[in-house]
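Colleague: I have a model open and would like to learn how to read it. Can we go through it feature by feature?

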Amino acid sequence: MKIAVCIKEVVDSRMPLQVLRGKDQVSQPNGGGDPVRLINPADRSALEVGMGIRERLPGVRLHGFSTCEESRDGPLFFARARGADAVERIVPPREQRGPPATAITLASRLREENFDLVVCGDRTLDNSAAMVGPLVAELLEIPSVTSVSKIRERHPDHLVVERRLERGYRQAVDVYFPALITTTEDAARPPYVSHKRLHHARREPIPASEVDWNGGSQRVPQWPEDERMKPPRARVKNKSAPDSSRAASDRLKMMMGDLGSDDAGGSSAKKEEETSILDGDPEYLGEQLYRFLRHHGFV
Amino acid sequence: MEHVTREILWNVRPWMEAALYAGTAVAVAWSLWRLYRRVRVWRRGRPANSQVSWRDMVANVARWIGGRGKMNRDRYAAVMHALILWGFIILFIGTTLVFLEHDTPLHFFYGPFYLGASLVIDLGGVAFLLGLGMAVHRRYVRRQARLRASHWVDSMLVLMILIGVSGFVLEAGRIGAEQPAHGIYSIVGYGLALGLRSAGLGTAALESLHRVTWAAHAALSIGFFALATVYFFRHAVVSILPVALKTSRPTGTFRPDPEPSVSGERPGAGGEGAPAPVPRSVGAAVASFDAAPTAGDAYGKEHTDDVFAGIANARPGTVEDFRWKDLLDADACTQCGRCTEVCPATAAGKALDPRGVMLGLAALVDREARGTSGNGGRQPASLLDFVPRQAIWDCTTCGACVDACPVDIEVYDKIIDVRRRLVDEGQAPETAADGLESLPSRHNPWFRPPHERAAWADGLRLPVVDESSERTPEYVYWIGCAGAYEPDGQSVSQAVVRILRAAGVDFAVLGCNEKCTGDPARRIGDEVLFDDFRRNNLDKLRRTGAKKVVTHCPHCFNSFRNEYVAEGEELPFEVIHHSQLIRELIEDGRIHASRLKEERITYHDPCYLGRHNGEYDAPRAVLGNVAGAQTIEMERNQRDSFCCGGGGGRMWLEDRQGERIENVRLRQAQETGAQTVATACPFCKVMFRGSSTLGEGGEINDIKDIAELVAERLDR
């Protein structure tokens with residue numbers, strides 16, 4: 001059995017960032033230096049899910065993949081240190097950005113070896129599009145299960161996984177191989193990997209490969225320029241209900257009015273306007289944001 | 001004068017003499033063979049990586065035998081052991097002299113030498129029995145709490161007492177039967193002989209008594225030789241070795257990690273860099289005198305956790321994970337329990353028992369020496385078969401155990417090596433792992449953003465060290481992570497700045513360029529991560545041209561002073577604790593903490609400032625110059641101080657068992673009647689501030705750093 005795990009390095013967007021004027025760079029404020037980079041938490045969880053299967057089923061081999069520049073291959077060293085049997089960096093195609101390009105790149109490489117299971121993080125910290133996994137599954141023509149929060153059972157030919165749904169519902173899904181699953185950040189608690197292991201893993205470079213996009217004929221959806229999204233119409237409800245994506249405690253507070261009327265449910269009318277979704281490296285996003293703010297006279 | 005002697009082996013039949021020699025030879029050979037089996041296990045350990053010259057070894061032993069070692073901290077035990085040791089040595093020399101006279105061409109045992117030797121040997125016997133009497137009194141009458149009941153100890157005492165008593169009785173039998181003119185020189189035997197004669201025993205009866213007691217004495221002595229390297233008896237032979245091998249390494253300096261032990265790509269499965277698997281015989285334990293104690297016996301506390309449940313192949317804590325010196329230390333442990341007596345974790349009811357760790361290690365050596373492995377041979381034996389895993393994480397590395405050990409065993413080195421292996425195998429506790437995860441990316445162990453490192457100084461307009469500037473400030477003020485991020489530490493940093501400014505000290509900070517010293521990584525067990533920080537920080541401080549670095553954090557202080565450069569090397573700058581600098585500023589009259597504020601204060605010695613770096617006076621001198629401060633010492637102070645519970649990475653570990661250590665310490669502080677606990681460490685302050693005991697009973701209402709006490713009394 002062969003498992004592929006797709007991982008990526010991201011900027012920790014949970015911390016404040018600033019665009020350096022005139023340098024096209026993003027940094028932490030107050031001279032904090034370069035932004036903190038880390039393995040995308042959901043990808044790290046995906047790696048751990050894969051390792052969990054590998055350690056419990058005999059004869060399983062785990063391969064780690066990342067589509068990234070050479071300077072961003074830290075997650076692959078991490079995967080090697082964690083115990084992946086093989087890791088590989090896939091050179092990203094030039095001038096192609098965004099989840100579709102990433103998905104096509106990964107799928108082109110994964111298609112070369114018939115992996116029984118592909119595990120991806122369900123979303124990244126930097127754009128949270130949650131698209132790469134399903135796109136890869138579509139391109140590989142295998143079933144996919146998104147947002148897996150727990151592996152209940154591991155069998156040589158299938159898994160029983162759990163998805164956490166709205167309002168506390170949990171869905172158990174039998175996933176027969178070959179398949180792709182995307183995991184949430186909390187699907188597995190990754191152990192600490194010591195720096196001794198990381199240094200050990202860095203003794204050899206990460207092998208890199210370039211993929212052929214089916215002779216260049218693969219159509220890549222444009223991203224992000226052609227993507228447009230409209231917010232939902234304001235709908236009149238008889239009774240306002242808290243946003244179901246909130247935690248139970250927050251929903252209770254909303255109903256009790258603790259969080260103010262602005263947060264009380266999804267019924268508030270919002271001004272309809274076009275929303276552009278941008279995708280790309282943080283530097284790129286920071287630059288776009290800076291131009292937007294400058295264009296509108298905010299800075 | 002040649003007639004002034006005695007017939008050696010008088011009244012002893014030839015077959016008895018032959019049996020004595022044969023028995024002794026067999027017993028000694030058996031003992032040596034058992035010792036050899038253990039030495040073979042010691043040799044499987046890693047290199048000790050510490051060089052001790054012969055001269056140092058001799059000096060160490062001389063200091064110890066001369067009574068200047070740590071044995072003296074318990075006077076009764078010191079006198080008792082000295083009497084037994086010196087008595088035994090004298091008796092052993094006496095027996096050797098007799099052997100040389102009888103079995104070699106040498107002829108010297110007559111005349112004044114014989115008389116003098118007889119007197120000294122008898123006095124040696126008296127000392128021997130007196131020491132044993134004190135041991136009996138201590139163990140069975142006084143019942144000293146730290147001593148463990150053990151049938152091995154009981155049997156050793158009984159055996160040695162019987163040897164001593166039988167020696168005097170057979171001497172009395174000989175003197176009583178022979179009635180030599182010079183018999184009085186054997187004063188004890190002579191006195192006993194007079195008593196036996198006056199009791200009505202005739203010459204024939206005394207000869208019979210002599211023969212029987214000689215046989216008994218010989219048999220007991222043979223038994224003693226046979227048991228000399230077994231279990232508790234072994235410490236009498238081996239304990240001198242760790243004393244001799246003691247290095248000059250400060251106690252706050254952890255040994256560097258031995259050569260990389262990463263076990264390949266799959267944890268624990270072997271691979272490049274992994275220790276070679278050691279063939280082990282598998283089978284039932286051999287019934288023997290040194291039958292390995294059970295886990296509960298060895299550790300002293302029952303534990304049943306199957307520590308390897310669910311962990312594939314990982315087996316930290318095997319013999320190969322320790323250094324040979326550690327394995328020797330385990331065999332040298334005297335089981336005196338001084339380490340356990342002073343351990344704050346043990347006092348708080350936690351799983352850790354330092355003596356139990358050493359006995360567990362000895363049991364591991366024992367199991368390996370007998371060729372049986374753990375889990376029926378499926379896996380190698382591990383220290384964690386004998387010691388609960390939680391105990392490994394309970395250690396605060398305060399160093400009290402090392403300081404207390406009379407034979408210089410470095411207990412927590414063993415614990416740290418197991419931690420390192422656990423961390424390598426991905427088995428660090430979750431909270432500790434969080435701290436370690438935070439370090440490489442955020443440069444602090446609290447997952448706080450790096451750009452907030454200087455937030456504590458908002459509005460203070462502090463000068464920041466500029467690497468490009470040619471001007472170097474006199475002092476670089478190293479804030480430390482606690483001083484930068486923890487509110488209780490930030491107030492200390494701000495107080496230090498007030499003091500430095502009031503004194504007109506030329507200083508600057510590193511601002512957001514400062515990073516953790518790596519101390520938490522080293523205490524928790526990621527040695528390579530610590531080394532990354534060490535090199536990075538040294539490089540940065542070198543580039544700033546700093547000549548003096550002052551810090552208020554004893555952990556940073558200890559890292560810089562003891563762990564940033566190898567033994568014998570010199571730091572490129574002087575590192576000063578803020579208590580030392582403040583004392584200097586006060587003594588020079590540059591600051592005056594003279595604004596009166598009445599306060600009863602008790603000072604808590606931080607382990608990494610006091611015990612590990614010997615700085616007890618500076619903080620007390622500062623407090624002595626604080627207006628209105630009435631200082632009261634806690635019962636456990638200075639060298640005997642009690643940890644706050646935050647050292648050794650415990651700040652990032654959860655309390656799973658027993659009481660919180662800081663609560664125990666705070667109650668000790670409350671007993672003094674003080675209103676304020678002063679300390680000189682932000683970790684201690686954070687721990688005490690978080691204690692549930694604060695505000696409950698006693699009059700203590702605040703925890704302050706000495707800098708805060710000074711700053712709030714500055715008159716300018």
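Colleague: Is L9(B) buried or exposed?

Modeller: This is a predicted model, so keep that in mind throughout. L9(B) has a relative accessible area of 16%. The cut-off for buried is under 20%, so L9(B) counts as buried. L9(B) sits in the segment before α1 of chain B.

Colleague: What is unusual about the phi of L9(B)?

Modeller: The general idea comes first. Most residues other than glycine have a negative phi, and most peptide bonds are trans. L9(B) has a positive phi, near 60 degrees, and is not a glycine. Q179(B) is another non-glycine with a positive phi, about 50 degrees. Q179(B) lies in the loop between α5 (151–178) and α6 of chain B. At 49% relative accessible area, Q179(B) is partly exposed.

Colleague: Which phi does G200(B) take?

Modeller: A positive one, of about 100 degrees, just after α6(B). The helix α6 itself covers residues 187–198 of chain B. Its twelve residues reach 16 Å from first C-alpha to last, close to the 16 Å expected at 1.5 Å a residue.

Colleague: Where is the cis peptide bond that involves P178(A)?

Modeller: It runs from F177(A) to P178(A), with omega near 0 degrees. P178(A) belongs to the loop between β11 (170–176) and β12 (179–183) of chain A.

Colleague: Now sheets. What is the strand order in the open sheet of chain B?

Modeller: Strands of a sheet pair through backbone hydrogen bonds, either parallel or antiparallel. Here four strands run in the order β2-β1-β3-β4 in chain B, and the pairing is parallel. The edges are β2 (507–509) and β4 (574–577) of chain B. Each has a single partner strand, so one side of each lacks a neighbour in the sheet. On average, neighbouring strands of this sheet are turned by 30 degrees against each other, direction ignored.

Colleague: How many bridges join β1 and β2 of chain B?

Modeller: Three, in the parallel sense, with β1 spanning residues 475–478 of chain B. To find the register, look at V476(B), which stands opposite A508(B) in β2(B).

Colleague: Which strands does α24 of chain B lie across?

Modeller: Helix α24 (residues 578–587) of chain B lies across β1, β3 (548–551) and β4 of chain B. Its direction is about 80 degrees to β4(B).

Colleague: And β5 of chain B: how many of its five residues are buried?

Modeller: Four, so to speak of β5 (residues 599–603) of chain B as mostly covered is fair. β5(B) pairs with β6 (residues 629–631) of chain B, in the parallel sense over three bridges. E599(B) stands opposite A629(B) in β6(B).

Colleague: At what angle do α1 and α11 of chain B pack?

Modeller: Two packed helices are described by the angle between their axes and the distance between the axes. For α1 (residues 14–43) and α11 (residues 324–332) of chain B, the angle is about 145 degrees and the axes are 7 Å apart. From α1(B), R38(B), V41(B) and W42(B) take part. They meet W324(B), L327(B), L328(B) and D331(B) in α11(B). The contact residues divide into five nonpolar, no polar and two charged.

Colleague: Last topic: how many aromatic pairs does the structure hold?

Modeller: There are 20 over all chains. A pair of aromatic rings is described by the distance of the centres and the angle of the planes. F108(B) and F109(B) are 6.2 Å apart, centre to centre, with 75 degrees between the planes: an edge-to-face pair. F108(B) is partly exposed at 22% relative accessible area, whereas F109(B) is buried at 2%.

Colleague: Why is the pair of F254(B) and Y412(B) called tilted?

Modeller: The ring planes are at 50 degrees, with the centres 5.4 Å apart, so the pair is tilted. F254(B) lies in the loop between α9 (240–244) and α10 (295–299) of chain B, and Y412(B) in helix α17 (residues 411–424) of chain B, so the pair ties together parts 158 residues apart in sequence. Both F254(B) and Y412(B) are buried.

Colleague: Which residues form the aromatic cluster in chain B?

Modeller: F88(B), F92(B), F128(B), W152(B), F224(B), F225(B) and F233(B) form one cluster.

Methods. Residues numbered from 1 in each chain as written. Chains lettered and ligands numbered in written order. Predicted model: local features only at pLDDT ≥ 70, side-chain atom pairs only at ≥ 80, totals over all residues. Heavy atoms only, no water. Helix = DSSP H or I, 4+ residues; strand = E, 2+ residues; numbered from the N terminus. Expected span 1.5 Å × (residues − 1). Pairing = 2+ DSSP bridges. Axes fitted to C-alpha atoms, helices over the stretch in contact; angles between N-to-C directions. Contact = heavy atoms within 4.5 Å. Nonpolar A, V, L, I, M, F, W, Y, C, P; charged D, E, K, R; others polar. Phe/Tyr/Trp six-rings, centres within 6.5 Å; stacked < 30°, edge-to-face > 60°. Buried < 20%, exposed > 50% of the residue type's maximum accessible area, 1.4 Å probe, protein only.
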